[in-house]
Amino acid sequence: MFENNQEMRTNLSELGEFGLIDHLTKGFTPKLPSTIKGIGDDAAVLDFKEKQTLVSTDLLVEGVHFDLAYMPLKHLGYKAVMVNVSDIYAMNARATQITVSIAASNRFPVEALEELYAGIELAAKLYNVDVVGGDTTSSTSGLMISITALGEAEKEDVVYRSGAKPNDLLVVTGDLGAAYMGLQILEREKEVFKANPNAQPDLDPYTYLIERQLKPEARKDIPPLLEELEVKPTSMIDISDGLSSEIIHLCKNSQVGANLFEEKIPLDPAVISVCEEFDLDSTTIALSGGEDYELLFSISQDDYDKIKANPNLSIIGHITEEKEGMHLITRASQKLPLIAKGWNSMEGKE
Ligand SMILES: [Mg+2]
């Protein structure tokens, strides 16, 4: 998909390291009051005044976390920012700055990195974060992107993974499983394309799923929504690996158990129909799919009335005593132990 940009091929070495950084970051003018100095000195200078500072880093590696056969570089840049700011929102904080470091082999011309940075710039603009630093270097193979996100919050607003209490309600934002099914569609089309490069895929029915995979949106809206509803979660985490492993993280950190109700798991109709097409169980996909970047949190039962009618929020279960363990209650009222299934165990099913 980045073949389009191959007409112009400026070799990375033509700009030199410092020329390249200047070139790629020239649009990154700081806008936030907390950014005292952005790019252009030995270090960025930030001032969060009385607030607490949050820091989170992720590393994305070509061939492990992304496949450029179907991931356009602009989308990759956008998604790399989302993955990081999502972790800041998962602390009930505001994302404010990011630093971006990349290692790229000489297979990537300057124009390719411009695409990547265009995605980063768009995400930074839409999510109101300043790009305040980073590094570029050469790599002997492939592309690596490391982003560090910073954020701020009042001390009393920060939500950890460790505060869930028995009888709290378990709540999730948005819907689950779509990003994973989008990946399945893209993988299938990649195979079709390999076999027949002239095939014209009709991807229209899968638009929502593919968008959730290629252009995920972090839930920037949720911390302000919770503030407006006057709800402070007792624990919170973002859903990067799938619902079941995130519930397990919350429970282990909070030393509690949980009951999750299968019928309450929010699924988009497109996920249900594509799961049928692929002969996959949609609950398994929601539990183990990953990359949804929704937020999972627990709230006190006293806050039930404040959130019950909100279309962004689904109550999917409740917290129990630790000794009761973590369970999925199926539609048939079976009680199954919740286990963290990763991508590997899912691959065996396809
Ligand atoms: Mg996270």
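**Exercise 1. Work out whether D58 is buried, partly exposed or exposed in this predicted model.**

Step 1: Find the residue. D58 sits in strand 3.

Step 2: Look up the cut-offs. A residue is buried if 20 or more other C-beta atoms lie within 10 Å of its own, and exposed if 12 or fewer do.

Step 3: Apply them. D58 has 17 C-beta neighbours inside 10 Å, so it counts as partly exposed.

Step 4: See what it touches. Leaving aside neighbours within four places in sequence, D58 is in contact with V83, N84 and I147.

**Exercise 2. Do the same for T57, and say what UniProt lists it for.**

Step 1: T57 lies in strand 3, which runs over residues 52-61.

Step 2: With 13 C-beta neighbours inside 10 Å, T57 counts as partly exposed.

Step 3: Beyond four places in sequence, T57 is in contact with S146 and T148.

Step 4: Now check the record. An unreviewed UniProt entry lists T57, D58 and D135 under "binding site".

**Exercise 3. Another "binding site" annotation in UniProt covers D42, D87 and D238. Find out where these residues lie relative to one another.**

Step 1: Begin with the spread. The three span 197 residues in sequence, and the farthest two C-alpha atoms are 32.6 Å apart, so they do not all gather at one spot.

Step 2: Place D87. It is in helix 2 (residues 73-89), and with 22 C-beta neighbours inside 10 Å it counts as buried.

Step 3: Place D238. This residue belongs to strand 8, and its 25 C-beta neighbours inside 10 Å make it buried as well.

Step 4: Check for contacts. Not counting residues up to four places away in sequence, D87 touches S56, A149 and D238. Seen from the other side, D238 touches S86, D87, Y89, A90, Y293 and L295. That puts D87 and D238 in contact.

**Exercise 4. UniProt's unreviewed entry also lists H65, E291 and W343 as "binding site". Describe the surroundings of E291.**

Step 1: E291 is found in the loop between helix 9 and strand 10.

Step 2: There are 22 other C-beta atoms within 10 Å, so E291 is buried.

Step 3: Leaving out residues within four places in sequence, the contacts of E291 are A179, Y180, Q213, P216 and S240.

**Exercise 5. Strand 8 belongs to an open sheet. Work out how that sheet is put together.**

Step 1: Read off the order. Seven strands line up as 8-10-7-11-9-12-13, with mixed pairing.

Step 2: Go to the edges. Strand 8 (235-238) and strand 13 (335-337) each have a single partner strand, so one side of each is left without a neighbour in the sheet.

Step 3: Look at the twist. Ignoring direction, neighbouring strands are turned by 25° against each other on average.

Step 4: Recall how pairing works. Strands of a sheet pair through backbone hydrogen bonds, either parallel or antiparallel.

Step 5: Pick one pair. Strand 7 (residues 169-173) and strand 11 (residues 313-320) pair in the antiparallel sense over five bridges. As one example, L170 has G317 in strand 11 as its bridge partner.

**Exercise 6. Which elements do the buried residues of helix 7 pack against?**

Step 1: Size up the helix. Helix 7 covers residues 243-254, which is 12 residues, and reaches 16 Å from its first C-alpha to its last, close to the 16 Å expected at 1.5 Å a residue.

Step 2: List what is buried: L243, S244, E246, I247, L250, C251 and S254.

Step 3: Look down the axis. These buried residues of helix 7 fall within an arc of 165°, so they line one face of the helix.

Step 4: Name the partners. The buried residues pack against strand 8, strand 9 (257-261), helix 9 (282-288), strand 10 (295-299) and strand 12 (326-329).

Step 5: Step off the end. Q255 follows helix 7, and its phi is positive, near 55°.

**Exercise 7. Describe the setting of C275.**

Step 1: C275 lies in helix 8 (residues 269-278).

Step 2: It has 21 other C-beta atoms within 10 Å, so C275 is buried.

Step 3: Setting aside residues up to four places away in sequence, C275 touches M181, L280, D281, S282 and I285.

Step 4: For a distance, try I145. C275 and I145 are 130 residues apart in sequence and 32 Å apart in space, C-alpha to C-alpha.

Methods
Residues numbered from 1 in each chain as written. Predicted model: local features only at pLDDT ≥ 70, side-chain atom pairs only at ≥ 80, totals over all residues. Pairing = 2+ DSSP bridges. Helix = DSSP H or I, 4+ residues; strand = E, 2+ residues; numbered from the N terminus. Axes fitted to C-alpha atoms, helices over the stretch in contact; angles between N-to-C directions. Expected span 1.5 Å × (residues − 1). Arc of directions from axis to C-beta. Contact = placed C-beta atoms within 7 Å. UniProt positions renumbered as here; feature names shortened; annotations may be inferred.
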